[in-house]
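Me: I would like to go through this fold step by step, starting with how the strands are joined. Please keep the replies short.

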Amino acid sequence: MRVSFDLDEVLFVSPVTHKTEPALRFPLNRIFRERLRLGTVRLIKELHAQGYEVWVYTSSFRSEKYIRRLFACYGVRFDGIVNGARHLREVQRGHSETLPQKLPNRYNIALHVDDESVIASYGREFGFDVFELYAEDADWAEKLIKTASEVRQRRELRKKEHGGA
Ligand SMILES: [Mg+2]
């Protein structure tokens with residue numbers, strides 16, 4: 001099952017308002033200035049260990065290469081990255097109406113983590129689960145693991161009910 005993360009205010013937070021992972025060493029800290037929410041590294045490794053695919057879905061225009069390199073400095077890899085440019089190219093293109101700024105279900109993402117409550121309402125409308133996260137929360141990683149496992153169970157159950165194996 002695919003789980004995706006927003007970047008700004010979710011994985012990238014301000015050390016003034018949130019506990020963060022240690023900054024990178026010079027000169028990397030000059031190239032990659034974003035600070036990661038404390039627990040990000042362990043959580044993503046744990047999600048991989050539990051068999052989830054982990055994606056980034058951001059409406060920012062940071063390049064995929066930049067995002068991959070930044071997280072590689074922390075030993076974290078992603079299975080897929082959707083940034084603002086990719087979303088415009090693959091999701092929005094060809095639609096005259098403006099679609100929501102993120103549609104994780106288009107990438108078969110079952111659970112998306114975001115700080116914006118509007119994304120949660122799109123989730124209800126378009127059929128993907130959203131874990132809302134904004135404020136500092138010491139237990140966010142445990143809560144997310146629990147939500148992911150509930151979503152996975154629910155999907156497996158639904159698959160069985162619809163004539164699967
Ligand atoms: Mg955000």
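Me: How many bridges pair strand β1 with β4?
Reply: This is a predicted model. In it, strand β1 covers residues 2–5 and runs parallel to β4. One of the residues involved is F5, whose bridge partner in β4 is V113. The number of bridges between β1 and β4 is 4.

Me: Which residue of β5 stands opposite V113?
Reply: Strands β4 and β5 are parallel and joined by 4 bridges. H112 stands opposite V130 in β5. For V113, the residue opposite in β5 is F131.

Me: Is β4 largely enclosed or not, and how many of its residues are buried?
Reply: A residue is taken as buried when 20 or more other C-beta atoms lie within 10 Å of its own. In the protein chain, buried residues make up 28% of the 165 residues. Strand β4 is largely enclosed by the rest of the structure, because its buried residues number 6 of 6.

Me: What is the handedness of the crossover from β4 to β5?
Reply: The chain leaves β4, passes through α5 and enters β5. Helix α5, residues 117–126, packs on the sheet and touches both β4 (109–114) and β5. The direction of α5 makes about 160° with that of β5. The β-α-β crossover is right-handed.

Me: What is the bridge partner of W55 in β3?
Reply: Strand β2 spans residues 53–57 and runs parallel to β3. The two strands are joined by 3 bridges. Within this pairing, the partner of W55 is G80.

Me: Which strands are the edge strands of the sheet?
Reply: The sheet is open, with 5 strands in parallel pairing and the order β3-β2-β1-β4-β5. An edge strand pairs on one side only. The edge strands are therefore β3 (80–82) and β5 (129–132).

Me: What pattern does the protein chain follow along the sequence?
Reply: The secondary structure comes to 6 helices and 5 strands. Read along the sequence, their pattern is β-α-α-β-α-β-α-β-α-β-α.

Me: What radius of gyration does the protein chain have?
Reply: The C-alpha atoms fill a box of roughly 55 × 40 × 25 Å along the principal axes. A compact globule of 165 residues would have a radius of gyration near 15 Å. The value for the protein chain agrees with that, at 16 Å.

Me: What share of the contacts with a separation of 6 or more joins residues 24 or more positions apart?
Reply: Two residues count as in contact when their C-beta atoms lie within 7 Å. Among contacts in the protein chain with a separation of 6 or more, the share from residues 24 or more positions apart is 57%.

Terms used
Residues are numbered from 1 along each chain as its sequence is written. This is a predicted model: local features need pLDDT of at least 70, side-chain atom pairs count only at pLDDT 80 or more; totals for chains, interfaces and linings use all residues. The radius of gyration is taken over C-alpha atoms; the globule rule is 2.2 Å times the number of residues to the power 0.38. A residue is buried if 20 or more other C-beta atoms lie within 10 Å of its own, exposed if 12 or fewer, and partly exposed in between; C-beta atoms are placed from the backbone. Axes are lines fitted to C-alpha atoms, for helices over the stretch in contact, and angles run from 0 to 180 degrees between N-to-C directions. A crossover is right-handed if, with the strands pointing away from the viewer, the path from the first strand over the helix to the second runs clockwise.
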